[in-house]
Amino acid sequence: AAHFHPGRFADTRLEQLALGVGRALDTLVPRHKRIPLPRLPSSANRRVLHVTHDVQNVGGHTRLIRRWAEADPESMHSVLLVNQRSGATVPEWLKSAVASTGGAVFVTPAAATLCQKAMWLREISHKCADIVALHVIWPDVVPVVALALENAPPTLFVDQCDHQFGLGS
């Protein structure tokens, strides 16, 4: 839909399917199939979890996350990468900016299923975030599924692809 635009920027039926999967996620990913949680940082300050598809040395969303962390040092900023490309490294300047606030960078295992990634994001967001900032691109269904519950942390949608069809409306 992003390459052959359907004339709409979102699809309610598709969104409802993703939300339905999210509501059933606990049964779709039983405890023994879940990705073990990493060591999670803690802070008495506001905790911001930035969720994005992947990061690179270039790219507006990667630098936006860094600058946000630098401009808001009173908050703890962490980054969760849903689909970091195999062999791609997280830029040191991003790791440093996040670490300076007490946060961490989480990379979902490449072999994990989409539902496992969504459950991992859900668990980390509940334990490590007061606010979730989605810096996602159009094909990424994981955040929609992960945050499909009413008790999800407040979520901001940073729409850098507002000119394309996408999920997350």
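**View 1. Leu19 in helix H1 of the predicted model.** Leu19 sits in helix H1, which spans residues 12-23. The model shown here is predicted. Leu19 is partly exposed, because its relative accessible area is 22% and buried would require under 20%. Setting aside residues up to four places away in sequence, Leu19 touches Val144 and Ala148. Leu147 is a further residue to locate in this view: its C-alpha atom is separated from that of Leu19 by 8.4 Å. Along the chain, Leu19 and Leu147 are 128 residues apart.

**View 2. Strand E2 and its cover.** Strand E2 consists of residues 76-81. E2 is mostly covered, with six of its six residues buried. Its side chains point two ways. Met76, Ser78 and Leu80 point one way from E2. His77, Val79 and Leu81 point the other way. Both sets are buried.

**View 3. E2 beside E1.** Strand E1, residues 47-52, pairs with E2 in the parallel sense. Six bridges make up the pairing. Within the E1-E2 pair, Val48 stands opposite His77 in E2. His77 is also one of the buried residues of E2. Helix H3, residues 60-71, belongs to the same view: E1, H3 and E2 make a β-α-β unit. The unit is right-handed.

**View 4. E2 beside E3.** Strand E3 covers residues 105-107. E2 and E3 run parallel and are joined by three bridges. Val79 of E2 stands opposite Val105 in E3. Val79 points the same way from E2 as His77 and Leu81. Helix H4, residues 92-99, completes the view: E2, H4 and E3 make a right-handed β-α-β unit. E2 thus appears in two such units, one with E1 and H3 and one with H4 and E3.

**View 5. The whole protein, for orientation.** The protein has six helices and five strands. Along the sequence they follow the pattern α-α-β-α-β-α-β-α-β-α-β. The protein has 169 residues, and buried residues make up 46% of them. Consider contacts between residues at least 6 apart in sequence: 79% of these join residues at least 24 apart. The exposed surface is about 8900 Å². Carbon and sulfur atoms supply 56% of that surface.

Technical notes. Residues are numbered from 1 along each chain as its sequence is written. This is a predicted model: local features need pLDDT of at least 70, side-chain atom pairs count only at pLDDT 80 or more; totals for chains, interfaces and linings use all residues. Side-chain values use heavy atoms; hydrogens and water are left out. Helices (H or I, at least four residues) and strands (E, at least two) are DSSP runs, numbered from the N terminus. Buried means under 20% relative accessible area, exposed over 50%, partly exposed in between (1.4 Å probe, protein chains only). Contact means heavy atoms within 4.5 Å. Two strands pair if DSSP finds at least two bridges between them. A crossover is right-handed if, with the strands pointing away from the viewer, the path from the first strand over the helix to the second runs clockwise. Accessible areas come from the Shrake-Rupley method with a 1.4 Å probe; for residues, only the protein chains shown count as cover.
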